[in-house]
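User: Could you take a close look at chain C for me, and then follow its contacts out into the rest of the assembly? I'd like one connected walk-through rather than a list.

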Amino acid sequence: MSWLDLFSAVCLIAGAMSCLFGAIGLLTFPDVAARLQAATKPQTLGLVLILLGSAVHLELRYASGLILVGLFQALTAPVLAQLVGRAAYRAGSVRHETLDTDHLARRIERERGGSL
Amino acid sequence: MMGVVFAITFGLLCLAGLLSLVRLLLGGGTLDRIVALDVFITLIVAATCVGMGLNEDGSNVALVAAFALLAFIGSVSAARLVEKKESHR
Amino acid sequence: MGDSEPRHRLARSRRGGEHVVSRRHPFGRAVRRLPLLGWLLLVWLLLWGTYDAGTVFFGLLVGVLVIGFFPAPPIATDIRLRPFRAGQLLLFLAWDLVVSTVRVAWQAVVRGPRARASIVAVTLLTDSDHLMAMVANAVSLAPGNFVLQIDRANRICYVYALGAGEHATERVRREVLGWERRVVRAVGTAEQVRMVDRNHRSEVG
């Protein structure tokens with residue numbers, strides 16, 4: 001087992017563990033907003049680690065495509081989180097009893113008052 | 001030795017996929033399902049990449065990249081649709 | 001680079017808070033599309049994995065066709081890339097991603113359904129579409145936070161953060177402004193860097 005294989009093994013297992021914890025979070029968190037946290041961060045890290053671990057076994061010309069996959073994930077995950085988070089808030093799927101401070105609610109309250 | 005590593009990785013990814021499928025079925029709301037489906041697709045992408053590493057053949061990498069992007073576009077359109085529906089109510 | 005022209009345009013577009021790009025110079029418009037073309041070419045090359053003249057040629061051809069057929073709305077940008085600082089930013093992001101993964105995993109296993117959160121409004125210092133998008137993306141990868149809603153006109157980010165109380169509000173605000181500082185130092189103009197540094201000093205001192 002060479003150093004490269006060891007590196008790949010560590011990356012693959014750590015990445016898969018990260019993905020697994022993300023999925024656990026997806027299952028246990030109370031509302032969409034908290035589940036989004038689990039869906040974005042551990043998944044992104046997990047995928048990037050797995051890509052690293054796999055890229056070691058591939059030729060360079062294919063490994064470059066894997067960089068692209070990781071880049072797409074890192075760029076798109078926050079965008080998706082923002083879109084879904086906003087939609088969830090507007091749809092009332094964020095549980096208000098889990099919130100301590102909510103500046104957005106005050107803002108929306110004000111906007112409604114202004115538009116009427 | 002690497003075979004064991006690949007087997008463990010596949011096992012963990014399958015478990016994660018199973019958990020996200022449970023969330024997909026339980027739901028809680030359309031948005032929960034969208035998030036769960038996105039996670040599931042990410043896991044498929046990850047597993048495909050592991051498979052490429054295992055076979056040492058990456059000729060399908062462009063397909064995987066396209067798949068990852070399509071998943072993003074799908075999730076975004078679905079989320080926007082949900083938002084639009086809610087704001088019309 | 002024609003430096004005076006863009007600065008003039010910026011000064012004008014600042015007024016309404018809206019970034020309006022002048023349509024007077026078709027050549028200038030083509031030059032502004034160059035970064036987009038470069039990015040498309042990079043994606044093309046990475047997809048093919050071969051770096052010869054033919055691939056570059058067809059990549060450019062496809063890029064030009066894509067830009068021609070699907071014109072993106074022209075957005076004025078005032079980004080100056082500082083490679084060293086940008087590298088630092090990427091390292092910070094990677095480290096934050098690891099920390100946030102560990103923290104989210106811990107919360108998922110230990111707290112689970114009893115997790116608590118806040119939504120905090122943070123007003124950014126800088127007024128630029130690209131910087132704001134980058135700050136929002138960076139914050140969304142940071143531990144326990146993501147940006148729920150952006151009020152572009154008033155430069156306000158509404159950040160959803162795990163954690164609770166007045167204490168958390170202040171922490172989130174500091175974190176977001178810290179990210180803004182890092183992003184601005186990596187890609188902002190000299191003027192913007194001075195602004196965030198001044199703010200940072202007044203907060204600390």
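Analyst:
**Chain C and what it leans on**

Reading along the sequence, the elements of chain C run α-α-α-α-β-α-β-β-α-α. That makes seven helices and three strands. Keep in mind that this is a predicted model. Chain C has 205 residues, and 29% of them count as buried. As for how the chain folds back on itself, take its contacts with a separation of 6 or more: 67% of them are between residues 24 or more positions apart.

Some of those helices overlap with annotation. An unreviewed UniProt entry lists residues 34-51, 57-77, 89-110 and 130-148 of chain C under "transmembrane region". Two of these stretches are worth checking against the model. Residues 89-110 of chain C are 100% helix and 0% strand, with 31 Å between the end C-alpha atoms. Residues 34-51 of chain C come out at 83% helix and 0% strand, and there the end C-alpha atoms are 20 Å apart.

Now for the strands. β2 (145-151) and β3 (156-162) of chain C are linked by a loop that holds Arg155(C). Have a look at the backbone there: Arg155(C) isn't a glycine, yet its phi is positive, near 60 degrees. Most residues other than glycine have a negative phi. As for its surroundings, 16 other C-beta atoms lie within 10 Å of Arg155(C), so it is partly exposed; buried would take 20 or more, and exposed 12 or fewer.

The other strand, β1(C), takes us across to chain A. Strand β1 (residues 99-102) of chain A runs parallel to β1(C), and two bridges join them. One end of that pairing is easy to find: Asp102(A) has Ile119(C) as its bridge partner in β1(C). Zooming out, the contact between these chains takes 37 residues from chain C and 36 from chain A. On the chain C side, at least two residues each come from α2 (26-48), α4 (83-110), β1 (117-123), α5 (129-141), β2, β3 and α6 (165-187). The biggest contributor is α4(C), with eight residues. By type, this side of chain C has 24 nonpolar residues, twelve polar ones and one charged one.

Chain C also shows up in the largest nonpolar core, which has 105 residues; Val139(C) and Val159(C) are in the group that touches the most other members, along with Ile50(A) and Val84(A). Helix α3 (residues 60-90) of chain A gives this core its largest share, 15 residues. Nonpolar side chains tend to be buried together in soluble globular proteins, though that general rule says nothing about membranes.

Val84(A) is a handy way to cross from chain A to chain B. Setting aside neighbours within four places in sequence, Val84(A) contacts Val32(A) and Leu36(A), plus Leu31(B), Ile34(B), Val35(B) and Ala79(B). The contact between chains A and B draws on 45 residues of chain A and 47 of chain B. Each of α1, α2 (32-55) and α3 of chain A puts at least two residues into the side of chain A that touches chain B. The largest share of that side, 15 residues, belongs to α3(A). It divides into 30 nonpolar, ten polar and five charged residues.

From the chain B end, pick out Val76(B), which sits in helix α3 of that chain. Beyond its neighbours within four places, Val76(B) contacts Leu80(A) and Leu83(A). Val76(B) counts as partly exposed because 17 other C-beta atoms lie within 10 Å.

Helix α1 (residues 2-26) of chain B is worth a stop too: 25 residues reaching 36 Å from first C-alpha to last, close to the 36 Å expected at 1.5 Å a residue. Its buried residues include Val5(B), Thr9(B), Leu12(B), Leu13(B), Ala16(B) and Leu19(B). Residues three or four places apart on an α-helix point the same way, because there are 3.6 residues a turn. The buried residues of α1(B) pack against α1 (3-28) of chain A together with α2 (30-55) of chain B. Just after the helix comes Gly27(B), with a positive phi near 70 degrees.

Chain B has a counterpart to the Arg155(C) story as well. Glu56(B), in the loop between α2 and α3 (61-88) of chain B, has a positive phi of about 55 degrees without being a glycine. Glu56(B) counts as exposed because it has 11 C-beta neighbours inside 10 Å.

Methods: Residues numbered from 1 in each chain as written. Chains lettered and ligands numbered in written order. Predicted model: local features only at pLDDT ≥ 70, side-chain atom pairs only at ≥ 80, totals over all residues. Helix = DSSP H or I, 4+ residues; strand = E, 2+ residues; numbered from the N terminus. Expected span 1.5 Å × (residues − 1). Contact = placed C-beta atoms within 7 Å. Core = buried A, V, L, I, M, F, W, Y, C linked by C-beta atoms within 7 Å. Nonpolar A, V, L, I, M, F, W, Y, C, P; charged D, E, K, R; others polar. UniProt positions renumbered as here; feature names shortened; annotations may be inferred. Pairing = 2+ DSSP bridges.
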